[in-house]
Amino acid sequence: MALLKPFSKLPCLNTANILLVESEEQFQQSLADTLVEETAFTVNVRLAKSLPLPMENEESRPRIDLVVFIINLTSELSFQSAEVSLKNLDPGYFLGKVCFMVTNARNASVPTERLDAVRKLAASLHCPMLFAEDQTPDGVTNATERLLTILKVAAGFVPMATALYLSNLTRRTAPPDIEQPSFD
Amino acid sequence: MAGASATGVLSQLSLLEVKARSRKTQPQQQSRVKELKAKVEALRAQRDQLKAEIETHKHLQKLRASLDKQSTNEEEEEEEMEQDSEHSQLLQLMARHTQLEDLLYAHHTIGGYDVIKTRQGKGVCVSLATAYDGVFLETYNLEIDLKPTLRISRHNVPPFIPLNSLAEQNNLQTNIRTFLDTLSRHLNAFAARKQQLELVKELHKSVQVMESNVLCSILVLMFNVPKQKTAVLCTLDYSDHTRSLPTRVHFESEDEKLPDSPEWKKNCSLLKETPVHKALITMKKMGNIV
Amino acid sequence: MDDSTKRLLQRLIRRIPAQTLRTTLEKWGRLTAAQQRSMDFTQPKWALSEKLLAICEENGLTAKHITELEMTNVIDNPNQGMWYAFQLMDPEDDANSIELTQFKEQFKSHLRELVRPVSIKIKKHTDEAVWIRIAWGDSFSRPNHLKPTYVVHHLQTPYVFVTSLTSKQKPLLSQALVLSARYQAIKDANLSGRKLTAIRDLLMRKYQQVFPTMYPSPLGERNQVVSNPHIEKEQAEPAANRLQMACEAFGDGTLPQLQTVVYKLETKFRDHTNKTMTEREEPFSCVVKFASTNLLESLRHCASSGIASTPVTPLLSSILQKGRNYFVITDNGSGPSTQTRQPQT
């Protein structure tokens, strides 16, 4: 039950490492495949179903620059699993190195309460929340682009910008009218 | 850009992104020469490695031959082995390993079973391989619970093999070895009969398979006799399910004298003693059937 | 040809799928080549059946021939209606050496002794299965060809598959089957489904089972997706384990398509917060039903993706191991159940 720490290891040159956590293990694979196509710098992707990560990989695991929780809104289990996993992250990560990615938000069968719950969660942790389309290749490419933008900053490739700085601009703030359906 | 107004701003942006992406990858083409050179280097290294492997393999075979000799007449001491220290020691170990592997394989082919522990030692899984005529056929597995008593919990033996009655008859609790032996005989015989039937269908298009069953214990074939132009119905009855040869062969024909003729009597004993597809080849050669 | 025969043919033509009508008629083999050619299969079904009626009149075909056509169609499209599995028990010594002609004669004579008039047709299919079509009548009526019972039996195996059998006819059929297949008893196998092939494969163990072996199995090999060196799965080992467990419980490859599994619970209600229910004397009965177009596939996915916990509970894995999809669960092994396990929460 070791906490995952953001600064316990040294970074590698021109390399960014991203951890995708998804309980269903569907979207993370296609996302990973497009993420590693990035040519400007090396992207290492680690896939996990939930946290904590197994101890035996401790040695081989590089420093994780960004943790992404993928939540499928049509499944309650997906949300609960992410909630549990969050407890195994070092607080240092919440200074801009965690983000939520929500899929299936447009699905008609999704109860609005669940979306609100995810919003609240993201807001309370000061994390950005991205919406993604996981069915179409275009959707995957777009999601990848967004993630890469954050990853670049989190890994320190952008001069004069830090993850904390970026997250101040992009983080979710608690909407005052969470009780009512909001369309922002 | 004509369609720009028709599509949304966002898709336009991603189009531009894609364009930017493709521009990034272009300069890579210039390094093709470098790439090829690296490939040549890699192939060379691979060649050297293969050469070295061949060398060690030769060495191994030599060692293996001497090792085999040793096991037959044990008085001979190892003499030449002491030549070059650790290197030869490693090679010797490798030779020993291949020897053991071959032994294991031999054990497997003469009817040994593979048994492994499952569920932290609470059960075992036995696999029984079937083979006919040097061809490995299906493998059947039994998962057996060890406690409180031996119990077959899961298996893929077809339902027409009387597994439970075999287990009772052979006293599974006390004598698992005999049970497995009998089961293996049943399975091997079944596999053999099935394979024979398949071979008959494949090799002998002129012979018609009139009837067969799932257990392949009854086989009715129809031949044509070339000269008289009569059809002969041949029933092969494999009533001993642990054997792949029929216990009873019966001919039926319009020409009533035919089954009693010495020629067909000979065929009858031929079918009893040789696998049916081979017997049919002989009968064809003798000119008894088309 | 009387009216009932005509109706039978019309209904049959309606049932045969349009795209297989031509091949079914060819297999039937009662039409001459010229008649076959004169049929225009682009016409609507009613016109075709009119045409076929005329041909049948011309050839002097009777109800017997029409039932042949029906049988051909049912053998080719067995996945209609509900099929129920029965298991023959306690074989006699000669059960393993019974052959088709013997079985045919025995079955016909045994059933005719019990019920008259009855129309029986027996045909052997290419896959060693014996197909039996029974049109039942009683002392006041002729055999009703509109509601025939179909029975499929593989000789030398203890299983029988039956569709559209009423409870009145069941003892008659059971007795005839038991006597002619040389067994002593027959029981309900508690397995039913819309696909004959599925329940047959399940009972005959014709699906791909996975067993633990010491050799590298194709299962693990298949799942090693050739992936980028930059992508690494943190929990690859537990995932592989889960898949192995799921496949050991439910099989590998394509699984027999079962539609439902029913668990009938007759157990005591246990919940410390709810005293009134817990203290009740009589068992708490409820029925749990799982339904899906391919239930086993769904269950396997649940287990392999971690939605259901592994190792799979015996309640689920015994669907395949025991070959049944109807279970009665009681508390202390009393009653007709074979499952004596407490309900899982």
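Biologist: How many residues does each of chains B and C bring to the contact between them?

Modeller: Two residues are in contact if their C-beta atoms, placed from the backbone, lie within 7 Å. By that rule, the contact takes 20 residues from chain B and 20 residues from chain C. The model is a predicted one, in which local features need pLDDT of at least 70 and side-chain atom pairs count only at pLDDT 80 or more, while totals for chains, interfaces and linings use all residues. Residues are numbered from 1 along each chain as its sequence is written, and chains are lettered from A and ligands numbered from 1 in the order in which they are written.

Biologist: Which element gives the most to the side of chain B that touches chain C?

Modeller: Elements are DSSP runs numbered from the N terminus: helices are H or I with at least four residues, and strands are E with at least two. On the side of chain B that touches chain C, β1 (114-118), β2 (123-132), β3 (135-145) and β5 (208-212) of chain B each supply at least two residues. The most comes from β1(B), with three residues. Ala, Val, Leu, Ile, Met, Phe, Trp, Tyr, Cys and Pro count as nonpolar, Asp, Glu, Lys and Arg as charged, and the others, Gly among them, as polar. By class, this side of chain B holds eight nonpolar, eight polar and four charged residues.

Biologist: Into which domains is chain C divided?

Modeller: Domain bounds come from an automatic or database domain assignment. For chain C they are domain 1 (3-76), domain 2 (83-202) and domain 3 (238-345). The C-alpha centres of domain 2 of chain C and domain 3 of chain C are 31 Å apart, and their contact takes eleven residues from domain 2 of chain C and nine residues from domain 3 of chain C. On the side of domain 2 of chain C that touches domain 3 of chain C, β6 (183-193) and α8 (196-203) of chain C each supply at least two residues. There β6(C) gives the most, with five residues.

Biologist: What share of the residues of chain C count as buried?

Modeller: A residue is buried if 20 or more other C-beta atoms lie within 10 Å of its own, exposed if 12 or fewer, and partly exposed in between, with C-beta atoms placed from the backbone. Of the 345 residues of chain C, 30% count as buried. Chain C has 13 helices and ten strands.

Biologist: At what angle do the axes of helices α2 and α5 of chain C cross?

Modeller: Two packed helices are described by the angle between their axes and the distance between the axes. Axes are lines fitted to C-alpha atoms, for helices over the stretch in contact, and angles run from 0 to 180 degrees between N-to-C directions. The axes of α2 (residues 21-28) and α5 (residues 63-76) of chain C come within 9 Å and cross at roughly 125°. That makes α2(C) oblique to α5(C); angles under 35 degrees count as roughly parallel, over 145 as roughly antiparallel, 65 to 115 as roughly perpendicular and the rest as oblique. T24(C), K27(C) and W28(C) in α2(C) meet E68(C), L69(C), T72(C), N73(C) and D76(C) in α5(C).

Biologist: Is K205(B) buried or exposed?

Modeller: K205(B) is exposed, because 8 other C-beta atoms lie within 10 Å. K205(B) is found in the loop between α5 (176-203) and β5 of chain B. The C-alpha atoms of K205(B) and V157(B), 48 residues apart along the chain, are separated by 31 Å.
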